[in-house]
Each structure stands twice: as C-alpha cells, then as structure tokens.
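Please look over the sequence and the model below before reading on. The paragraphs that follow lead from charged side chains to the nonpolar interior.

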Amino acid sequence: MAVKVVDASALAALLFGEPEAEAVAARLERSNLFAPALLGFEIASVCLEKLRRDPQQREALMAAFALYTRMPIEIVEINHADTLGLAQTFGLSSYDAAYLWLADKLSAELVTLDKPLQLAAAMRH
C-alpha cells in the first residue's frame, strides 16, 4: 500500500462532505495514512467553526467529527526545528510545514487542498 500524509484541509473535506471529498477519497484509497499530532487540533477547530456557523447541523457535524477518531491515521511526532526551516523557506505556517516535513521524512505523497502547501510539496520533488 502507498504511504501518504494527509493534512487537515483534505481530511476536513472528506469528513464534512465538502465538494472536494470525492477527489480526496480517491487519492487516499488503499493507502497507509500518516499525519503530525496537530491534525486532531485542526480537525476539531474546523468542526467548531462549522458548529458556530451552522448550529442547526450540530448532530451531523458531531457525527462527522466522530469518524475522525476511527480513521486509521498514524500520528507521528515531528522535528519542530526542521519545520521552522521549511516554514521560512517556503513561506508556510509552522503547522503546514509540519505536514511537508513528515511527507519528506516518509518519502510520501502529501494529500492537501492547500494551494501554497501543494506548491511547496511540488518544489521539494
């Protein structure tokens, strides 16, 4: 199976049924998934934002969030000093640089919907 790093933008699209969900699902199919520890915080933050915007959807949003905890994603500790360097080099946040660092470390495809992060990943290969 392919090794892939999934970021919060891609996973949120999948969990919360955003327009890109089908394309993300196809890219993640038959893959071993990895992410830095911050993924859980980012998915919770996306869910909270959606709850605040549309409280009537609470039940559906919480059910979608519960799916996250059952997903087979291996959480990996990252090297913060290295991510700082990547963030500076590519003009990324330290959060986004963590996904890039992990993809580099695992020689894995980075699955993201974030355009600057996609560009940085393309420049690394």
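Does Glu109 count as buried, partly exposed or exposed, and what is its relative accessibility? In this predicted model, Glu109 has a relative accessibility of 33%, and because the partly exposed class covers values between 20% and 50%, Glu109 counts as partly exposed. Glu109 forms a salt bridge with Arg27, in which the closest N and O atoms are 2.6 Å apart. Since Glu109 belongs to strand S4 (residues 109-111) and Arg27 to helix H2, this pair ties together parts that lie 82 residues apart in sequence. Arg27, with a relative accessible area of 32%, is likewise partly exposed. The pair does not stand by itself, for Lys4, Arg27 and Glu109 are linked in a network of salt bridges.

The whole structure holds 6 salt bridges, and another of them joins Glu18 to Lys50, with 2.9 Å between the closest N and O atoms. Glu18 sits in the loop between helix H1 (8-15) and helix H2 (21-28), whereas Lys50 is part of helix H3 (residues 39-53), so that this salt bridge connects parts 32 residues apart in sequence. As for accessibility, Glu18 is partly exposed, at a relative accessible area of 22%, while Lys50, at 17%, is buried; the two fall into separate classes because the limit for buried is set at under 20%.

Helix H3 also contains a salt bridge within itself, between Arg53 and Glu49, which lie 4 residues apart, about one turn of the helix. Their side chains meet at 3.7 Å, N to O. Arg53 counts as exposed, with 57% relative accessibility, and Glu49 is partly exposed, with a relative accessible area of 48%.

From these charged pairs one can turn to the nonpolar interior. In soluble globular proteins, nonpolar side chains tend to be buried together. Here the largest nonpolar core comprises 40 residues, and those with the most contacts inside it are Val5, Leu11, Leu39, Ile43, Ile73 and Tyr99. Helix H6 (residues 94-106) supplies the largest share of this core, namely 7 residues.

Which residues does Leu39 touch, once its neighbours within four places in sequence are left aside? Leu39 is in contact with Val6, Asp7, Ala8, Leu11, Tyr68, Ile73 and Tyr99. Among these partners, Leu11, Ile73 and Tyr99 are themselves listed with Leu39 among the residues that have the most contacts inside the core.

Definitions and conventions: Residues are numbered from 1 along each chain as its sequence is written. This is a predicted model: local features need pLDDT of at least 70, side-chain atom pairs count only at pLDDT 80 or more; totals for chains, interfaces and linings use all residues. Side-chain values use heavy atoms; hydrogens and water are left out. A nonpolar core is a set of buried Ala, Val, Leu, Ile, Met, Phe, Trp, Tyr and Cys residues joined through side-chain atoms within 4.5 Å. Buried means under 20% relative accessible area, exposed over 50%, partly exposed in between (1.4 Å probe, protein chains only). Helices (H or I, at least four residues) and strands (E, at least two) are DSSP runs, numbered from the N terminus. Contact means heavy atoms within 4.5 Å. A salt bridge is a side-chain nitrogen of Lys or Arg within 4 Å of a carboxyl oxygen of Asp or Glu.
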